[in-house]
Amino acid sequence: MISSETVALIELVKNSYDADAGYVLIRFHKSLEQDIGSVSVEDNGHGMSLSVVERSWMEPATNNKKKMKQSAYLKRRLLGEKGVGRFAAARLASELELSTRAAGSSKEIYAYFDWSQFDNEDVYLDEVIVLAEERDPEDLVAGRHLADLHPSGHPELPRDGSHGTVLRMNGLKRGWSTHEVGELRRGLSRLISPFEAEREFRIFLQLPDEDESSSQELEPPEVIKYPHYTLKGDVDAQGKFHIAVELHATGETEVFSGWFQRVAPTAVTEAIEPIEKAAFMTCGPISFQIFVWDRDQLDNVEQKIGTGIRSIRKDLDSIAGISIYRDGFRVLPYGEQENDWLKLDLRRVQNPTLRISNNQLTGFIKIGADTNPQLKDQSNREGLDNNQAYADLQEIIRLSLAKLESLRFREKKKRPGLKESGGAQEQPLLASPDTVALKERLIQLGGDEEALTLLEHTTNDWEAQIIRIKEVLSRYHSLATLGQLVDKVIHDGRQPLLTIQGQSTLVLEALQRAAGDPEILPKCSGLISSLTERVSRVKDSAGLIDLLLRRIEPLGGRKKGRPSKVYLNEIVRNAFSHFSQEIDGLGINVTIPNSDDLVQVDALELQEVLINLIGNSIYWLQQSPKGGRKILVEWTRPVAGEMDIIFADSGPGIPKSNRSSIFEPYFSTKPDGLGLGLVIAGEIIRDYYNGSLELLDTGPLSGAAFRIKLRKRV
C-alpha cells in the first residue's frame, strides 16, 4: 500500500500531525547508502504510553481514529483512518527503534522491531519477538533540538522537549539518490495546506552532512509569491459559486457568481440561477486558489527573486499542478509532477493559443473529510475514488479555469483590425492581394513593361493560389463541424441499433420455436402477426439510422458545386434537427418563420454556419431558467440581392469585455471549447457570400444576437 520511500515518510509525518506535534524533523544519519544509512522521524507531539504502544500502535488496522476523529489537545481532524500508516517504517529500513513519551509522564517508552522476522515464512505472528519497555527518559528530555519551536497554547502540552515520539529506522532498505532526496524535499514542502494563515505544524529536513543547527524548514519556492494571474473561488454544497480572477499586470479583477449544476451524469454547466431538475454537485463545499504564469514572460519574477530565468522555470516545474488538501494535509498524488489529473495538457494540445498547460500553474483545493464525505480515498491511499463527486470536482475546476483563460487571452492576444463596438470580423482571412497602388507607383517611377508584366503574372498566381487554399479550407470547415457531431451520432445511433439487435434476436427465437412446434399450423396467424410487428420495428429503427447518415452525408468534405435554389426555412429546420434531443431535453422554445423563402445558396455552407450558432446557444441557454429558454431565427431582404438573417437567444449574452474577442481564432469561454466555430462561420459568410457575421448590440431576445448578412448568390 506504500508505493515509494517518499510516500512512506509522508505517512509517518501525517502520524506526527495527528499526535498534535508542532514540528516534525526528518533526519538522515551517517549516509544515504543502502544498509549503511538510517533515517529518523522526530516530533514534539503528545507521545504515547506503554499501553497505547502495545495495544494500538503495534496492532494493525485499529479503528481508534474512526471512533475519535479529533486529536487529543489541538482538536485537529485526524488524517489517518485505516490504522496501517505507521507500518510504512517497514518499507524504509530493516529495523525500527521507537522512543515515545506521553505529555505529563515521567517515563519514556522504548520498543525495538526487527522487520526481517516477518520475512521468515516459517515463523507465525505470535512467534515474532518485539521488545517494549518503560524506562527513564533518554531521548525525550526538556531542551532537545527544535522542541519549543511553536507553543501549543495548552499547559498540558508544554512542548519543552519532554514529550513526543522518535522513530529511528536503521539499515536503509535502499539508497537515496540526489533526485529522490529532491523529490522528498518537494513532496514535504507541499504537504501542508497554504490555506492555513498560521502554520501550526512545520516540517524540517536534515541530511547526513548537515548538523542540527542547519536543519532546513521546507517551504514552497519564492516564485509562488509572484504569479501573473490568480484565480480564487468558493463553491458550496449546492454548487453556488463565487469566483474572482485577477490579472496582476493590469490590476484588473473580475468577479463571477452563479451556480454549478449537473444536467447529465457527465455534463456540468453553470447558471445564473438554480436550474430546475438539475442535480446538485456531489463534491462541495470546496475552496480553491490557482496561480498562473506566462513562462515566456518571467522577467518581472526574475527582477524580484534574482535567481535567473532558468532557475525560476525549474522552481515552477517543482510546484506545477493543482494539489488537493483535506483538513489541512495534502492528498497524494494530486499536484505531483506528471500527474495531470485535470487533463490540462490535453486541452492545451487542442487549443494551444487559449488553454493553460499543467506546468504553467500551481493550485490548491481545500476539502474536508466531514464536509466532503464522497471525496474519499482509494483503498491504496493514493488518490480519490473515481466516483461522481470526483468527476464533479474536475469539471468545476475546469469551468473555473476557463474564466481565467478567456480573460488572459483577451489581454494577451488582442488583434488589430477588429471593431471594438460591434465585434464583427471586417477583413477576410484570405483576401485577394490589392496591387493597384503598387502598379500605379511603378508607372510613376517609370517602370518598364517587363516589370509591370511580372507584377501582373505574380498577382494572378497569388490569386490562383488563394482560390486553391479556399477549396482546401472549405473541406476543413466541414470536418470541423463534423467533429462537433460525432458524439451526437454515437449517442443518437446507439438506441436504434440496440432496438435492431434486440428485436432481431426475438425474431430468431420466435422462428426457432415455430420450426420445432408440430402444431404450428393452428398458430400461423398469431405468429405471422407477431413477426410482422417485430420486423416493422426493425425497419423503423433502420430508417432512423438512415436518416442520421443522410443528415451527415453532406459533411463529408465533398467539393462544393454550383449553388441551387432551396427553401431557407428547410435549411434552418435541418440545422436544428441535429440538436433535437438537446432542445427537447432542455425545454428550448425555437421560433422559425413558416414562409417558404426561395434562395440560391449552398445548403451545406449555410447549415454549417447555423450549426455553430445553435451549438453555442444550447450550451449557454443551460444557464437560463428552464421556462425562459428561447432561440429565434428570422430574416428580411433589406435591398434586392441581399438578405439579413437574425439569430438570437435568451441566454446570458456576451459580456462587453469579450465582444471584441469572440471572432478571434481559439478564443472561447467554454471549458473545453476550441474557439473556432464563429471563426469558421464568419469565413464562410465572407468568402462565399461577400457578407458578414456580426454580433449585434441588441436583439429581439434578451441574450446574444447575431446578424448574418448575405450580399451575393442570394
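Which residue just after α1 takes a positive phi? Select aspartate 20: its phi is about 65 degrees. Keep in mind that this is a predicted model.

**Stop 1: helix α1**

Step back from aspartate 20 and select residues 5-18, which make up helix α1. The helix has 14 residues. From its first C-alpha to its last it reaches 20 Å, close to the 20 Å expected at 1.5 Å a residue. Now show the surface. α1 is mostly covered, with 13 of its 14 residues buried.

**Stop 2: serine 16**

Stay in α1 and pick serine 16. Is this side chain's residue buried or exposed? Serine 16 has a relative accessible area of 4%. The cut-off for buried is under 20%, so serine 16 counts as buried. Next, show its neighbours. Leaving out residues up to four places away in sequence, serine 16 touches Ala21, Val24, Val41, Asp43 and Phe201.

**Stop 3: α1 against α5**

Add residues 178-189, helix α5. The axes of α1 and α5 come within 10 Å and cross at roughly 35 degrees. The crossing is right-handed. To see the contact, show side chains on both helices. From α1, select Thr6, Leu9, Ile10 and Val13. From α5, select Glu180, Glu183, Leu184 and Leu188. Colour this set by class: 5 residues are nonpolar, 1 is polar and 2 are charged.

**Stop 4: strand β14**

Hide the helices and select residues 321-326, strand β14. Why is β14 described as largely enclosed by the rest of the structure? Because 6 of its 6 residues are buried. In a regular strand the side chains alternate between the two faces of the sheet. Check each face of β14 in turn. On one side sit Gly321, Ser323 and Tyr325, and on the other Ile322, Ile324 and Arg326. Both faces are covered, since all of these residues are buried.

**Stop 5: the partners of β14**

Bring in residues 361-367, strand β16. β14 and β16 run parallel and are joined by 6 bridges. Pick arginine 326 and look across to β16: its bridge partner there is isoleucine 367.

Now add residues 329-331, strand β15. Here the pairing with β14 is antiparallel, with 3 bridges. Select tyrosine 325 and you will find arginine 330 of β15 opposite.

**Last stop: the turn**

β14 and β15 form a hairpin with 2 residues between them. Finish on aspartate 327, in that turn. Its phi is positive, at about 55 degrees.

Notes: Residues are numbered from 1 along each chain as its sequence is written. This is a predicted model: local features need pLDDT of at least 70, side-chain atom pairs count only at pLDDT 80 or more; totals for chains, interfaces and linings use all residues. Side-chain values use heavy atoms; hydrogens and water are left out. Helices (H or I, at least four residues) and strands (E, at least two) are DSSP runs, numbered from the N terminus. Buried means under 20% relative accessible area, exposed over 50%, partly exposed in between (1.4 Å probe, protein chains only). Contact means heavy atoms within 4.5 Å. Two strands pair if DSSP finds at least two bridges between them. Axes are lines fitted to C-alpha atoms, for helices over the stretch in contact, and angles run from 0 to 180 degrees between N-to-C directions. A crossing is left-handed if the near helix is turned anticlockwise from the far one by less than a right angle, and right-handed if clockwise. Ala, Val, Leu, Ile, Met, Phe, Trp, Tyr, Cys and Pro count as nonpolar, Asp, Glu, Lys and Arg as charged, and the others, Gly among them, as polar. The expected span of a helix is 1.5 Å times one less than its number of residues.
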